[in-house]
Amino acid sequence: MATLARGRGDTALARTYDRRAADLKAYFNDDWSGGGSNADMVRAYTTSGTPVTGWGKENSVFMPMKQIIDPGPRNDAYLDYIEAQEQGSEGSTNIESTTYLPDMFFKNNRNDSAWTWMKKIYGQRELQHVNSSQGPNGDYPEVSFTLVSQTVEGLMGIAPDAANHRVTTQSRLPSGMKWLQTADVPIGTSTITVRHDGATRTTLTNNARGGAYRWEARFQGVHKKITVNGVPQRVRTKAVDGVTYTYATPTVRAGATAVVRVAD
């Protein structure tokens, strides 16, 4: 609601819903979800008001995936709990449920875990769905659509803002993946091409014939140096969802390429 209101220029209504969202998140963390962690975190209530804890499969996964849990030790412990449950005998057998896991792990910067589950989902695409009358897993749009989004939004960390001619990137490459490039990613009426070399160098090309993008190139952690096209920049940092990033915001004009790099 806040985003919709802001999009139509109603800043007062947007602020109202920003406050309601913040209040709801605080209520969830301070009251609704109880005081426990791992299996003791409350994930639901019965109609009589009795709290429900333990493993809930999708409704356990949704809480850190939607990032309603405050960042920190409690969220980290719950992510550990989810991964242990999914890897055990009580893990989801339904491929649609499994497709949420890479999204959840990427949003919490657990890149290796996210990549492991992406590979597992891809490896099961030819297997018969749990509902035997509905064909193989790969026929489900959740499988192909989420693998694409988990590559572009997850591994590449591309977050477009076409209306404001902005784009944000963040490398989430897993261990052992030296580089990855996605070409001609649509943003509005044009496209961009992005390449990550590890977690310290990102290249962006604006493929449009006209217009420029303000690019926020993020790198996890605090780094001593940052350059744009080889030129040193003032080091700036920001915290997003409990994680600190070093970043630069070059303008990339139509047909141009920019390279942002950090070093310690």
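This is a walk through the pockets, a helix pair and a few individual residues of one structure. The model is predicted, so please read each value below as computed from that prediction.

Let us begin with the open space. The largest pocket holds about 730 Å³. Its lining is made by 32 residues, and those closest to the centre are Q67, F106, K107, R172 and D241. If you would like to trace the walls by secondary structure, start with the helices: helix 4 (73–87), helix 6 (100–107) and helix 8 (141–155) each give at least two residues to the lining. Strand 3 (159–161), strand 4 (166–170) and strand 12 (243–248) each do likewise. What is the chemical character of the lining of the largest pocket? By class, 10 of its residues are nonpolar, 12 are polar and 10 are charged.

The second largest pocket encloses about 190 Å³. Here 16 residues form the lining, with S92, T93, T98, K120 and Q124 nearest the centre. Two helices to look for are helix 5 (95–98) and helix 7 (111–123), each of which supplies at least two lining residues. Sorted by class, this lining has 10 polar residues, three nonpolar and three charged.

Helix 4, which you have already met in the lining of the largest pocket, also packs against helix 3. Two packed helices are described by the angle between their axes and the distance between the axes. For helix 3 (residues 58–65) and helix 4, the angle is about 145 degrees and the axes are 10 Å apart. The crossing of helix 3 past helix 4 is left-handed. On the helix 3 side, the residues in contact are S60, V61, M63 and P64, and they meet N75, Y78, L79, I82 and E86 of helix 4. Taken by class, the residues of this contact are six nonpolar, two polar and one charged.

Now turn to helix 6, another contributor to the largest pocket. Which residues of helix 6 are buried? They are L101, P102, M104, F105 and F106. F106 also appears among the residues closest to the centre of the largest pocket. The buried residues of helix 6 pack against several neighbours, namely helix 3, helix 4, helix 5, helix 7 and helix 8.

Following the chain just beyond helix 6 brings you to N109, where phi is positive at about 60 degrees. This is a positive value in a residue other than glycine. N109 sits in the loop that joins helix 6 to helix 7. Is N109 buried or exposed? Its relative accessible area is 16%, so N109 counts as buried, the cut-off for that class being under 20%.

H165 offers a second positive phi, near 55 degrees, again in a residue other than glycine. You will find H165 in the loop between strand 3 and strand 4, two strands that help line the largest pocket. With a relative accessibility of 47%, H165 is classed as partly exposed, because that class covers the range between 20% and 50%.

Finally, have a look at A21 in helix 2 (residues 11–32). A21 is partly exposed, since its relative accessible area is 45%. A21 and M1 are 20 residues apart in sequence, while their C-alpha atoms lie 9.5 Å apart in space.

Note on methods:
Residues numbered from 1 in each chain as written. Predicted model: local features only at pLDDT ≥ 70, side-chain atom pairs only at ≥ 80, totals over all residues. Heavy atoms only, no water. 1 Å grid on protein atoms, 1.4 Å probe; cavity = no way out; pocket = protein on both sides within 12 Å on 5 of 7 lines; lining within 4 Å. Points joined across faces, edges and corners; volume = space filled by probe spheres on them. Helix = DSSP H or I, 4+ residues; strand = E, 2+ residues; numbered from the N terminus. Nonpolar A, V, L, I, M, F, W, Y, C, P; charged D, E, K, R; others polar. Axes fitted to C-alpha atoms, helices over the stretch in contact; angles between N-to-C directions. Left-handed = near helix turned anticlockwise from the far one by under 90°. Contact = heavy atoms within 4.5 Å. Buried < 20%, exposed > 50% of the residue type's maximum accessible area, 1.4 Å probe, protein only.
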